[in-house]
Amino acid sequence: MTVGRTLSRGLGAFSLGLGAVQLVAPRRLLRATGYPPRGSSPLVMRVIGLRELGAAGGLLVQRWPVPFAWMRVAGDAMDLALAGRGLRARDVHRSRAMATFGALVAVTAADLATGVLITREAPAQKDGSLGGAKPVRKSITVNRPREEVYAFWRDLTHLPQFMHHLEDVTDLGNGRSHWTAKGPANTRASWDAELTEDRPNERIAWRSVPGSGIQNSGSVEFVDAPGDRGTEVRVELAYEPPAGPLGIAAAKLFGEEPEQQVSGDLRRLKQVLETGEVAQSEAVAGGRTIRQRPAQPLDAGEAQQVRATSNGHDGRSPARTDGTTPVAETRASDGSTGQPEAVTAG
Amino acid sequence: MLANTWQGRNTVKVQDVPDPTILNRHDAVVRITSTAICGSDLHLVDGYVPSMLKGDVLGHEFMGEVVETGPDVRNVRVGDRVVVPFPIACGQCWSCQHEMFSLCENTNPNAWMAEKLFGHPTAGIYGYSHLTGGYPGGQAQYARVPFADVNPLKVPAELPDEQVLFLSDILPTGYMGAEMCDLQGGEVVAVWGAGPVGQFAIASARMLGAERIIAIDRFDYRLRMAREKAGATDTINYEQEDVLETLRELTGGRGPDAVIDAVGMEAHSPHIDYAYDRTKQALRLETDRPLALREAIMAVRNGGVVSVIGVYGGFIDKFPMGAVMNRGLTIRSGQCHVQRYMQPLLERIQRGDIDPSFVITHRMPLSDAPKGYDLFKHKKDDCVKVVLKN
């Protein structure tokens, strides 16, 4: 373990102990440090205790707790300000309070040193061009030939069929495309992207055009699965979320964790390529993952909406390119109404 | 339409919900004529399966008439009379192509949930928690049936509902339980649980050539059905006899060649281990009570097969792995790959090899579903199987 990490562990343990005492016995601690409890000061002490426990959690659990180390430094500044102001109060036990202030200064120094060290030691982000975006890697096996899977993906306009957050991808020609995505709370983002690599049946890579809003890049590899089981699809996506690391944390809170989103996207890719449709249950219809509906039939309006957006009902080209299952065919061929809607009888 | 819904632990309610409609191009809608309450529905109602939501429509054993088909459905038509298998299969993935339909890779929209609990996801199932997709169930007047070209089995008009309804789950499940025992003829098979699935496991073991079949339960009326209707040669009431001792006696000390656990996660036992597992389960320290499974493992002969068709949901304690390893046992298990067995079992019904309606003890309208659950759960009125009719 490096010096910075050892120090951060130590400070984490210190935070844990201190935070616990602050939370459980704020009055006693106030007296011991020379500041007799007064007014809201025990409550403030408790809040600081919570902050300490938060820092402890991060410092002890995370592999590279850089933000938490700096959070401690910020906390020290706050404590020094509070303790300094308190020194002027009349009922303060002066010698104890001075000792407390001295200890705070020493801890601040340790925190600063740790922050600097650990920031330097933390491994540099792999893809420097994305300014710290963490790549997501996922793979899935699709029971279709490699050529077919590649061809389907190579037409980037297919992506919204299985990538839930994408609303539309338009091909602008010359390897360029325009992407529109849905964000949390009905926000929308769009950007231009360009292909950076296109090895037929093997690999496709793309990245957003510099200065086009959301910075992101991605690649997909196609490999024959052993035992004639189709194609292994390996995806790597990296993006700079709208609000940085905080944006990721917020997205996780609402259940839209990037890892899970990508694996869901890949499952839908597999569904579209193998079966010609995205599996829908009434509980998840309309893209609900975390906050599901009860498993009950949808009312007519909702069902209509799901049909309109679900794959195969909106006139998008069929998944299959070998013609084995004509998924986009309507019932016109067997003499019914010809509407791409369900036929009701009785 | 009317549907029987989960309302929380130990409560079901028949309520009015919207009629199902086609959502995908391979869907069909079936007007349900008969549907049944399954032992595994009790696990949901008893609150042992996570991811249930208030209002979920229950039921995964149903049949009826196709009333609507999506534009890409080719193999069934409006007016066809069909039995619907409980696992939803796509027919196109590797698992389906290898006839492991309950492991379909494409039909569970909540695969991420199942993956967290089981390591890898399994197929969608009607009315069987959100872990298996959040599909509304078949204890209702209508149901949407995805991949209608792959799943429903057309059944001939001359066979009444009661003879073919159980092709949806419990007959194939019992049959697969016996098939996994690799019977060659002349074996002794012991079956834990003489509920509907156990009855069909017994009947199937007989069809597949077992010479002696021993049924184990605590209800004499169920053991009587096993002897008189299913074809058990011997029965053990575990509240009156020591199971391991009796099995040794009945098999000249060898133990049964194969054992079938048709009980699952809510087993009972008159011994102290019941209190142990019941307590741990209540405290959520284990999800399943594996009392029957432990006993079955200890009972089977050296080198024998342990076939598990009773449902388990999560984790068990005190699993006798030493017995499994040192005595060279084979454990086989799975949610039934119903689609694999429907056609051959329909033919057996047509030939008269088996009439599955013998397990039915209660018939009532769908609106009486809560009463049916009560009878079935508490084994009132000698209840074995409840069929709900529309």
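Colleague: How many helices and strands does chain A have?
Modeller: Chain A has nine helices and eight strands. Keep in mind that this is a predicted model.

Colleague: Okay. And how many residues of chain A count as buried?
Modeller: Chain A has 346 residues, and 29% of them count as buried.

Colleague: What about contacts between residues far apart in the chain, what share do they have?
Modeller: Take the contacts in chain A with a separation of 6 or more: 52% of those come from residues 24 or more positions apart.

Colleague: Let's do the sheet. What is the order of its strands in chain A?
Modeller: The order is β1-β7-β6-β5-β4-β3-β2, an open sheet of seven strands with antiparallel pairing.

Colleague: Which strands are at the edges?
Modeller: Those are β1 (136–142) and β2 of chain A, and each of them pairs on one side only. From one strand to the next, the twist averages 20°.

Colleague: Can we zoom in on a pair? How many bridges join β2 and β3 of chain A?
Modeller: Six bridges join them, with β2 covering residues 166–173 and β3 covering residues 176–182, and the two strands run antiparallel. For one pairing to look up, A:D171 has A:S177 in β3(A) as its bridge partner.

Colleague: And what sits between those two strands?
Modeller: The hairpin of β2(A) and β3(A) has two residues between the strands. In that hairpin, A:N174 takes a positive phi near 55°.

Colleague: Now β5 and β6 of chain A: in which sense do they pair, parallel or antiparallel?
Modeller: Antiparallel, over five bridges, between β5 (residues 203–208) and β6 (residues 216–224) of chain A. There, A:R207 has A:S217 in β6(A) as its bridge partner.

Colleague: Which helix packs on the sheet, touching β5 and β6 of chain A?
Modeller: That's α6 (residues 146–154) of chain A, which also touches β1 and β7 (231–239) of chain A. The direction of α6 makes about 165° with that of β6(A). Then there is α8(A), which lies across β1 and β7 of chain A and runs at about 20° to β1(A).

Colleague: Switching topic. How do people describe two packed helices?
Modeller: They give the angle between the axes and the distance between the axes.

Colleague: So for α3 and α4 of chain A, what are those values?
Modeller: Helix α3 (residues 41–61) and helix α4 (residues 66–86) of chain A have axes that come within 9 Å and cross at roughly 155°. Because of that angle, α3(A) is roughly antiparallel to α4(A). Their crossing is left-handed.

Colleague: Which residues make the contact?
Modeller: On α3(A) they are A:R51, A:A55, A:G58 and A:L59, and on α4(A) they are A:F68, A:A69, A:M71, A:R72 and A:G75. By class, that contact has five nonpolar, two polar and two charged residues.

Colleague: Chain B has a helix pair too, right? At what angle do α5 and α6 of chain B cross?
Modeller: At roughly 50°, with the axes of α5 (residues 170–179) and α6 (residues 196–207) of chain B coming within 7 Å. That is why α5(B) is oblique to α6(B). This crossing is right-handed.

Colleague: And what classes of residue are in the contact of α5(B) with α6(B)?
Modeller: The contact has 10 nonpolar, four polar and no charged residues. Among them are B:L171 and B:Y175 of α5(B), and B:V197 and B:F200 of α6(B).

Colleague: How many residues of chain A are in contact with chain B?
Modeller: On chain A there are 41 residues, in contact with 41 residues of chain B. The elements of chain A that give two or more residues to that side are α8 (258–275), α9 (300–309) and β8 (343–344). The largest share, eight residues, comes from α8(A). That side of chain A divides into 15 nonpolar, 16 polar and 10 charged residues.

Colleague: Last thing: what phi does B:K318 have?
Modeller: B:K318 has a positive phi of about 50° although it is not a glycine. Most residues other than glycine have a negative phi. You'll find B:K318 in the loop between β14 (305–308) and α11 (321–326) of chain B.

Colleague: How many other C-beta atoms lie within 10 Å of B:K318?
Modeller: There are 13, so B:K318 is partly exposed. B:D382 also has a positive phi of about 50° without being a glycine. B:D382 lies in the loop between α13 (369–377) and β17 (386–389) of chain B. With 14 C-beta neighbours inside 10 Å, B:D382 counts as partly exposed.

Terms used
Residues are numbered from 1 along each chain as its sequence is written. Chains are lettered from A and ligands numbered from 1 in the order in which they are written. This is a predicted model: local features need pLDDT of at least 70, side-chain atom pairs count only at pLDDT 80 or more; totals for chains, interfaces and linings use all residues. Axes are lines fitted to C-alpha atoms, for helices over the stretch in contact, and angles run from 0 to 180 degrees between N-to-C directions. Helices (H or I, at least four residues) and strands (E, at least two) are DSSP runs, numbered from the N terminus. Angles under 35 degrees count as roughly parallel, over 145 as roughly antiparallel, 65 to 115 as roughly perpendicular and the rest as oblique. A crossing is left-handed if the near helix is turned anticlockwise from the far one by less than a right angle, and right-handed if clockwise. Two residues are in contact if their C-beta atoms, placed from the backbone, lie within 7 Å. Ala, Val, Leu, Ile, Met, Phe, Trp, Tyr, Cys and Pro count as nonpolar, Asp, Glu, Lys and Arg as charged, and the others, Gly among them, as polar. Two strands pair if DSSP finds at least two bridges between them. A residue is buried if 20 or more other C-beta atoms lie within 10 Å of its own, exposed if 12 or fewer, and partly exposed in between; C-beta atoms are placed from the backbone.
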